[in-house]
Amino acid sequence: MVEFALDTFGDVTRGPDGALLPQAQVIRNLVEEAVLADELGIDFFGVGEHHREDFAISAPEVVLAAIAARTTRIRLGSAVTVLSSDDPIRVFQRFSTLDAVSSGRAEVILGRGSFTESFPLFGFELDQYETLFEEKLDLFAAVRSGEPVTWEGTTRAPLADQRVFPPVENGMLRSWIGVGGSPKSVIRAARYGLPMMLAIIGGDPGRFRPYVDLYHQALAQFGLETQPVGVHSHGYVAETDAQAREELWPHWKASRDRIGAERGWPAARPEDFEREIAGGSLYLGAPETVARRIASTVGALGLARFEMKYSAGTLPHERMMRSIELYGRQVVPMVKDMLA
C-alpha cells in the first residue's frame, strides 16, 4: 500500500500585509498545517532541517514534539536530518524521545542535505563531507540496533560497549536514507538495509528508475530484505490548473532565484516553470491533474511513499492550508483509485 505524505522546510512566508512573517510565527503556522494533515488522514508529516534566514526550522525534533502533542495518528519525522554535522547518538536520542512522546510515530530521514551552512556553524570542514557522513551513518546504524555499541572512527572518540538511552519502545526506529541521485548513495542505503527516499526536485522523475533498480539489486546482493522506496518532490494544489499556476509562480520564482543566485543558476523563466509542471517534478494544478501525475510517478518507480513538499518560498500560510486540504480530501483518494 502506498503512503501519502507531506513535508516542509518551514519556508519563511508572507503575511496578509505582504510582509515576511517572523520565523516564530512561521513555526506556529507550521504546527497548524501538521494538525490539519493529521485530521485529513495523511500518513506522514516531515520537517526539514536548515540553518538559513529563509527557512525557520533548525531543530525539527522540537517542532515535531509539539505536533505530536496535538495529533493522534500521523507519523512524524525529519526531511532531512543533516547527519554529517550532527552527533549520531544525539540524533538517535532525540528521535527515540520523539517516538516515546508520540507513542511510536517517529521516523528519521538521514541525509547530507543540499545546503552546507551547518558545517561552519558547528565547526566541521567541508573537505570531510564524505567521511563525516560515512562514519556517522555507520555509528547511527550501530546505535539504532538497540545493542551496546562498540565503535571506532576518525571523526569522534571511540565507544566501548556503550548503551544509549532512551531505547525505542517497540522494535527499531524507522530510519530512511535521503538520496539525491548518485549511485554511491543508492548503494550506501542498500548496504545498511534502510529504506531509500529519493529527492527529485527537477526534471523527469522517470529518469530515476535505474537508481530504484540499482537499489533493489544491491539489497539482493547484500542478502537483505526488500525495503520501501519513497520520493520527495514539490507540489501545490488549487481548485484549477490556472489558479495553481497564478498563485505559485511568484513564490516559486523568488525561492528558485534566491537559491540560484548562491549556486550560479540563471534567473527562473516562465518556460522553466511550465516545463517542470508538464513533465518535470512540480506536481501542480487542480486535484485531478496532480493526482494523475502522482499516480504516474508511483507506478513508474514502484513507490511505497509519495512525499509532497507543500511549502514554496514565501507562499502564504492560508494558501498552503488550502493546498493541504485539497491534497488530503481529493488528491489522495483519486490516486488510490487510479492505482487500485
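**Figure 1. Surroundings of Ile27 in helix α1 of the predicted model.** Leaving aside its neighbours within four places in sequence, Ile27 makes contact with Ala56, Ile57 and Val63 in this predicted model. Ile27 itself belongs to helix α1, and its relative accessibility of 28% places it among the partly exposed residues, because that value lies between the limits of 20% and 50%. Although Ile27 and Gly10 stand 17 residues apart along the chain, their C-alpha atoms are separated by 6.7 Å.

**Figure 2. The largest cavity and its lining.** The search for enclosed spaces of 30 Å³ or more gives a count of 1 cavity, and the largest cavity holds about 60 Å³ of space. Its lining consists of Thr8, Gly10, Asp11, Thr13, Val26, Asn29, Leu30, Glu33, Ser311 and Met320. Helix α1 supplies 4 residues, the largest share of this lining.

**Figure 3. The largest nonpolar core, with Tyr327 and its contacts.** The largest nonpolar core comprises 87 residues, and of these Phe45, Ile294 and Tyr327 touch the most other members. Helix α11, which covers residues 317–339, gives the most to this core, contributing 7 residues. When residues up to four places away in sequence are not counted, Tyr327 touches Phe4, Ala5, Leu6, Ile42, Val237, Ile294, Phe306, Met308, Val332 and Pro333.

**Figure 4. Helix α11, its bend and its buried residues.** From its first C-alpha to its last, the 23 residues of α11 reach 31 Å, which is close to the 33 Å expected at 1.5 Å a residue. At Tyr327 the helix α11 bends by about 40°. The buried residues of α11 are His317, Met320, Ser323, Ile324, Leu326, Tyr327, Gly328, Val331, Val332 and Val335. In an α-helix there are 3.6 residues a turn, so residues three or four places apart point the same way. The elements against which the buried residues of α11 pack are the strands β1 (3–8), β10 (229–237) and β12 (305–309), together with the helices α1 (23–39) and α10 (287–301).

**Figure 5. Two cis peptide bonds, at Ala79–Val80 and at Phe165–Pro166.** Most peptide bonds are trans. Ala79 and Val80, however, are joined by a cis peptide bond with an omega of about 5°, and Val80 is placed in the loop that runs between β3 (75–78) and β4 (81–82). A cis peptide bond also joins Phe165 to Pro166, where omega is about -5°, and Pro166 is placed in the loop between β7 (159–162) and β8 (174–179).

**Figure 6. Positive phi values at Ser103 and Asp161.** Most residues other than glycine have a negative phi. Ser103 is not a glycine, yet its phi is positive, at about 60°, and this residue lies in the loop between α3 (88–101) and β5 (106–111). Ser103 is classed as exposed because its relative accessible area of 64% is over 50%. Asp161, likewise not a glycine, has a positive phi of about 50°, but it is found within strand β7. Its relative accessibility of 58% is also over 50%, so Asp161 counts as exposed.

Conventions:
Residues numbered from 1 in each chain as written. Predicted model: local features only at pLDDT ≥ 70, side-chain atom pairs only at ≥ 80, totals over all residues. Heavy atoms only, no water. Helix = DSSP H or I, 4+ residues; strand = E, 2+ residues; numbered from the N terminus. Buried < 20%, exposed > 50% of the residue type's maximum accessible area, 1.4 Å probe, protein only. Core = buried A, V, L, I, M, F, W, Y, C linked by side-chain atoms within 4.5 Å. Contact = heavy atoms within 4.5 Å. Expected span 1.5 Å × (residues − 1). Bend = angle between axes of the 7 residues up to and from the residue. 1 Å grid on protein atoms, 1.4 Å probe; cavity = no way out; pocket = protein on both sides within 12 Å on 5 of 7 lines; lining within 4 Å. Points joined across faces, edges and corners; volume = space filled by probe spheres on them.
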